[in-house]
Amino acid sequence: MGDGIVSDISEKTWRVIKRLINLSGMFSSQTSESGDTETRIRLINQLEESGDSASLPILLELLFDRNASVRVAAESAVVNILKCARPKDFPLIDSRLRAGWFGSNLWRTRLSQHNLARSAAATRIPVEFLSLATTHRDGYVRQEGIRLLAKAASDGSEIPFLLLRINDWVPEVRDEALQAVRARLQNDQAYLFIRNYWLVNWLAASERPRSTSIPSEIDGFLCQVCHIDLLFAEMKCDISYVRRSCFALLVQADKVSVEQIIDRAVQSFDEQIRLKAMLLAHARLRGDRLKQVLCDRLRDPYGPIRRRALEEFDSHFSGESRPVLIESLLDRHRIVRATARAILKSKDPNFGFSRYYRDALASEHGVRRTAAISGLGETGEQKDSERIIPYLNASLPRDRKAALLSLYGLDREGAIPVLLDAITDAHAGVSRVAMNILCQDGLDSHIDQLIETVQVVQSEHGISNALTSIVRAHEWKSLAIVLAFCRHPAKSIADHAMVLMRGWLRRPYMARGTRADIKRVAAEIDRVGHQLPSARLKDLELLIRLGLANH
C-alpha cells in the first residue's frame, strides 16, 4: 500500500483492514489466520459503523469473496458508507479506488467492459456497484460504468460520480459523463445539483479545458426563475456549503431583487450568510434602505458582524454615527468595543474612555454592566483595580469572569493571588478563565501555590483546571502531583490526570526540577503503578533512571 494512501487512513480503520486482509488471504493463496466467517463479518460491520470511505477498497475486494455471507455484509457496508459520504469526499474516494494497492485486486482484474453489467446484476447493490465502477483504473470500464449507471439510476446518487468523470483524463469517458449530466439538467433534479454543488465548484477549478464549461451551464440552469424559490429554501439547509452556495447563486440570478435576497439572508441562522448579506447591502444599497440594514446588523448576535456594521455605518453615515459608536462602547464583544473606541478616538482624541466606563459601572445593569467591567480593564489604570475587586464576588458568573480578566489587565502582579483562588470557583467557566490567564502568564513562579490549591479544592472542575495548570509548568513536581491524582476516587478526575500524564510524557526533555522532585515521582509510581498501562509504567521507570542519572 502506498504511503499517500496509508497516511489518509485512521489507525483504527487500518488495524481492521489489515486483519481482514490476513483473514481473507488477499496477499497469498492461503489465509495467514484461521479466518472464520463470523469474525470477518464482525470486522466488516466495524468498517460500516465507522463510515470511513478509506475502507471501500477492501470492501470491493470482498464483493468477490467465495463466502456468500461475507459478500452480503460487504454489500451492506458499501451502501451505508456511500450514504454517509459528503460531496467533498468523492474525489478522495476516486483516487483511493484507482490506486489499486491490494495484492489480489479482484476488483481490478475481474471487471471488464464486457462483463460489467453481468457482474453488477449478480450483486444486491447494482447501482452502487456501477457507481464505483466509474472509478475503475480501466478507462473502458469507466466509460461502460457511466453508460450503465446513467440508465440504472435517477435518484441523484449517480450525480457525484458523473461529475467526477467530467474531469476524467480520457476524452471518451469525459464525453459520456457530460452527456449524462446534461440529460439530468431537468427541473425535478435541480435540488440534486444544489446538494452536490461542492463538486460543481471543484470542476470549475479543474485545469482540463473541456471540464470547465459544464459548471457555468449548471449555474445558469440553477439561476433560472423557476428555481429561485428552491434556492431560498435550500438557504436553510443544514449543510453550510449548500446554503452559502445558494446565497451566491441568488446573487448571480437576474430575476430576483437585491432587496429580496438581503431581506431573506439577514434572517438566516448562518452568521456567514448574514455577513455576506450586509456586504451585499454595502455594495448595492444606498440611503435609508442601507441604513436600515446596518442598524439591524448592529444588533446581530455575532460580534464580527456588529463590528463590520459599525464600520460601515460610520463610513456611510459619519455625521450620525457618534451616538451609535458610544452605544457600542458597551457591546458584549471585545472586538466591537475596541472598534468603537478606535473610531471615536479618530474623531475625538480627547474622549475619556476610562471615565466613561467608570460612570457606566455605577449606572448600568445586566450585560451592559459586564461590558463596563471589561471596558474599564481594557482602558483603565492600575488604580481602577479597586473598582473591579467588588465584582470578583458578583452573583453572576459572567461578571466574575469579566472582573478576573480586567483585574489581570490593570494589575498583573496583584491579580495572581486572586486568580489562584478563582480556580476553586463554584462555576466551571470562572475557574477555566482563571486557569487560562495563569497559563498565559507563565506558571514557573506559581507552581507551589497551585499545588497547595489543588490539594484543598473540592469541585471536580476546580481540581481538573488546577491540574491542567500544574502540568503546563512541566516540572518533575507537577508530574508527581498528577500521578497522585491518577488514583483519585472520582473517575473523571483520575481519567483527566491520566490524560495529563500522557501529555507530560510527550515532552520529557523539557522537564525541570531537583533530584528530590524526581524521587517524589518515583514514590508516586510505587503507589499508583498497578493502575497505569504497562507501556506508560515502563516509560516512567526509564525516565526516572535517566533523570536520577543526570542530577
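Colleague: Which polar atom lies 2.8 Å from the backbone nitrogen of His333?

Modeller: In this predicted model, that atom belongs to the side chain of Asp331. The general idea is to start from one polar pair and then see what else the side chain reaches. Here the side chain of Asp331 also makes a polar contact with the side chain of Arg306, at 2.7 Å.

Colleague: Where is Asp331 found, and is it buried or exposed?

Modeller: Look up the element, then check the accessibility. Asp331 sits in the loop between α22 and α23. Its relative accessible area is 11%, and a residue counts as buried under 20%, so Asp331 is buried.

Colleague: What does Asp331 touch beyond its sequence neighbours?

Modeller: Setting aside residues up to four places away, Asp331 touches Arg306, Val336, Arg337 and Ala371. Let's follow Ala371, which is found in helix α25. Ala371 is buried too, with a relative accessible area of 2%. Read from the side of Ala371, the list of residues touched is Leu330, Asp331, Arg337 and Tyr357, again not counting residues up to four places away. Arg337 turns up in the list for Asp331 and in the one for Ala371.

Colleague: Tyr357 is in that list as well. Which residues of its helix, α24, are buried?

Modeller: For a helix, you read down the residues and pick out the buried ones. In α24, residues 353–363, they are Phe353, Ser354, Tyr356, Tyr357, Arg358, Ala360 and Leu361. Then ask what lies over them. The cover includes α22 (322–328), α23 (334–347), α25 (366–379) and α26 (385–388).

Colleague: How do I read a buried charged residue such as Arg165?

Modeller: Begin with its place, then look for a polar partner. Arg165 lies in helix α11, residues 159–165, and counts as buried at 2% relative accessibility. Its side chain is joined to that of Asp94 by a polar contact of 3.1 Å. Leaving aside neighbours within four places in sequence, Arg165 is in contact with Asp94, Arg98, Thr134, Thr135, Arg142, Ile146, Val173, Arg174 and Ala177.

Colleague: And Ser478: which backbone oxygen does its side chain reach?

Modeller: That of Glu475, at 2.4 Å. Side chains can pair with backbone atoms as well as with each other, and Ser478 gives us such a case. Ser478 has its place in helix α32, residues 476–485, and at 0% relative accessibility it counts as buried. Outside its neighbours within four places, Ser478 is in contact with Ile447, Ile470, Val471 and Trp504.

Colleague: What about a residue that is partly exposed, say Leu230?

Modeller: The same steps work. Leu230 is in helix α16, residues 228–234, and is partly exposed, with a relative accessible area of 24%. Leaving aside its neighbours within four places, Leu230 is in contact with Ala190, Tyr191 and Ile194. For Ala190, you can compare sequence with space: Leu230 and Ala190 are 40 residues apart in sequence and 8.5 Å apart from C-alpha to C-alpha.

Colleague: How far apart in space are Asp539 and Ile218?

Modeller: Their C-alpha atoms are 59 Å apart, with their positions 321 residues apart in sequence. Asp539 is found in helix α35, residues 534–549, and is partly exposed at 35% relative accessible area. Another pair to try is Ser478 and Pro160, which are 318 residues apart along the chain and have C-alpha atoms separated by 53 Å.

Colleague: Now the whole chain. How many helices and strands are there?

Modeller: The protein chain has 35 helices and zero strands. Its radius of gyration is 32 Å, well over the 24 Å that the globule rule gives for 551 residues, so the chain is more spread out than a compact globule. Along its principal axes, the C-alpha trace spans about 85 × 75 × 35 Å.

Colleague: What share of the 551 residues counts as buried?

Modeller: The figure is 51%. For contacts, you look at how far apart the partners are in sequence: among those between residues at least 6 apart, 65% join residues at least 24 apart.

Colleague: And what about surface and charge?

Modeller: The accessible surface comes to about 26,300 Å², and 48% of that belongs to carbon and sulfur atoms. For charge, take the count and then the centres. The chain has 77 positive and 68 negative side chains, and the centres of the two sets lie 1 Å apart.

Conventions:
Residues numbered from 1 in each chain as written. Predicted model: local features only at pLDDT ≥ 70, side-chain atom pairs only at ≥ 80, totals over all residues. Heavy atoms only, no water. Helix = DSSP H or I, 4+ residues; strand = E, 2+ residues; numbered from the N terminus. Buried < 20%, exposed > 50% of the residue type's maximum accessible area, 1.4 Å probe, protein only. Rg over C-alpha atoms; globule rule 2.2 N^0.38 Å. Contact = heavy atoms within 4.5 Å. Areas by Shrake-Rupley, 256 points an atom, 1.4 Å probe, with all protein chains shown as cover. Lys, Arg positive; Asp, Glu negative; His and termini not counted. Charge placed at Lys NZ, Arg CZ, Asp CG, Glu CD. Polar contact = N/O pair within 3.5 Å; in protein donor to acceptor, adjacent residues only side chain to side chain.
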